[in-house]
Amino acid sequence: MGSEDSGDGTGASGVGDDAGGVAPDATPDGGEAVAPDDYTPREQMVSAAAREIDDGDVAFVGMRLPLIAFQVAVSTHAPNATSVFESGVVRDDPADGFLHTMCDLPNLNRAVSLTGMTDVMGRLARGDVDVGFLGGAEIDRHGNLNTTRVRAGDREVRLPGSGGACDIACMAGRTVILMAHEPRRFVERVEYVTSPGHGADGDLRDGDGPPGGGPDALVTTKATFGFEDGELYLRSRHSGVEAGEVASDFPWDLRTSEDVHGTPVGETDPPTVEELDLVRSFDPDGFWTV
């Protein structure tokens with residue numbers, strides 16, 4: 001898994017012009033999109049998550065897919081973005097090899113700085129972080145996350161807990177949540193609030209609530225979602241997925257972009273050829289994305 005970019009401009013995947021079986025179309029931003037059969041749901045998630053990073057953003061990056069999403073963003077539309085990691089690493093470019101964790105040597109080599117947790121969390125507390133990435137075992141309609149405990153029949157299963165997630169949820173300018181699309185993850189009210197979203201009624205960020213902006217987007221293996229007035233709504237569905245199929249996985253009457261903004265639920269922009277080449281160069285064996 002430690003192999004690096006092939007250095008030929010297309011990464012290790014061979015998804016560029018010479019790849020067989022790829023039928024690119026145009027995306028709204030002018031890039032060449034890849035046919036749905038030629039990428040995985042997790043590669044779609046990485047592409048969608050990367051687009052949530054704006055040029056110039058300071059992004060608090062966690063583990064798994066966000067490790068790749070930042071590298072894609074800074075290599076394409078957000079060259080002036082910066083990543084910070086709970087371990088104290090600060091980077092403004094891709095790592096020079098595959099990353100299992102944020103502390104792997106390729107993430108340390110040529111970093112902007114190697115500080116410590118206190119320094120990075122201090123930046124977060126000062127309001128210097130524009131976007132933070134989070135995951136969770138459960139999410140409710142107001143974006144509250146549970147990574148502490150869940151029920152499995154008559155048993156209570158203990159999960160890893162917060163780590164730095166609660167801090168990110170409270171103090172980042174906005175948060176982007178990534179999780180597998182499974183009905184058991186979507187609940188009316190989370191079993192335990194590990195990382196607060198918009199609170200029990202959607203108004204936690206008003207008045208004297210946490211200083212951060214709260215959840216701004218949710219990206220799953222089937223769709224992307226936004227938040228309006230503190231409540232989740234369906235923004236786009238991935239290729240081959242119907243809006244009704246997505247909505248049926250939720251225990252409440254899920255709002256859509258048509259309800260919120262008067263615009264039909266569209267199809268998520270697929271990865272471009274460039275994005276997919278990058279994803280596969282950063283994760284050449286598909287450890288995170290297959």
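Which helices and strands each supply at least two residues of the lining of the largest pocket? Select α1 (41-50), α2 (65-75), β7 (131-134) and α5 (165-171), and you have them on screen. Keep in mind as you look around that this is a predicted model.

**Stop one: the pocket**

With those elements coloured, look at the space they help to line. The largest pocket holds about 940 Å³. Its lining counts 31 residues, and those closest to the centre are M63, R64, L134, G135 and G136, so pick these five if you want to put the view in the middle of the pocket. Now try colouring the lining by residue type: you'll get 18 nonpolar residues, nine polar ones and four charged ones.

**Stop two: the salt bridges**

Side chains of opposite charge can pair when their charged atoms come close. Across the whole structure, a search turns up 19 salt bridges. Here are a few to click on.

Start with R126 and D128. Their closest N and O atoms sit 2.9 Å apart, and the two form a salt bridge. Turn on a surface and you can check how they sit: R126 is exposed, at 58% relative accessible area, while D128 is partly exposed, at 34%.

Next, select R141 and E188, another salt bridge, with 3.5 Å between the closest N and O atoms. This pair ties together distant parts of the chain, 47 residues apart: R141 belongs to the loop between β8 (138-139) and β9 (145-146), and E188 to the loop between β12 (174-178) and β13 (215-219). E188 has a relative accessibility of 42%, so it counts as partly exposed.

Then move to R151 and E156, whose salt bridge has its closest N and O atoms 3.8 Å apart. Both partners are partly exposed: R151 has 45% relative accessibility and E156 has 47%. Before leaving the salt bridges, add E231 and R255 to R141 and E188, since salt bridges with shared partners join these four into one network.

**Stop three: the cysteines**

A disulfide is a covalent bond between the sulfur atoms of two cysteines. How many disulfides are there here? The count is zero. Zoom in on C170 to see an example: the nearest cysteine sulfur belongs to C166 and lies 4.1 Å away, and C170 is in no disulfide because a pair needs its sulfur atoms within 2.5 Å. C170 is buried, with a relative accessible area of 17%. For a last click, go to C103, which is partly exposed at 46%.

Key
Residues are numbered from 1 along each chain as its sequence is written. This is a predicted model: local features need pLDDT of at least 70, side-chain atom pairs count only at pLDDT 80 or more; totals for chains, interfaces and linings use all residues. Side-chain values use heavy atoms; hydrogens and water are left out. A salt bridge is a side-chain nitrogen of Lys or Arg within 4 Å of a carboxyl oxygen of Asp or Glu. Buried means under 20% relative accessible area, exposed over 50%, partly exposed in between (1.4 Å probe, protein chains only). Helices (H or I, at least four residues) and strands (E, at least two) are DSSP runs, numbered from the N terminus. On a 1 Å grid over the protein atoms alone, a cavity is a set of points where a 1.4 Å probe fits but cannot get out, and a pocket is an open set with protein on both sides within 12 Å along at least five of seven lines; lining residues have an atom within 4 Å of a point. Grid points are joined across faces, edges and corners, and a volume is the space filled by probe spheres set on the points. Ala, Val, Leu, Ile, Met, Phe, Trp, Tyr, Cys and Pro count as nonpolar, Asp, Glu, Lys and Arg as charged, and the others, Gly among them, as polar.
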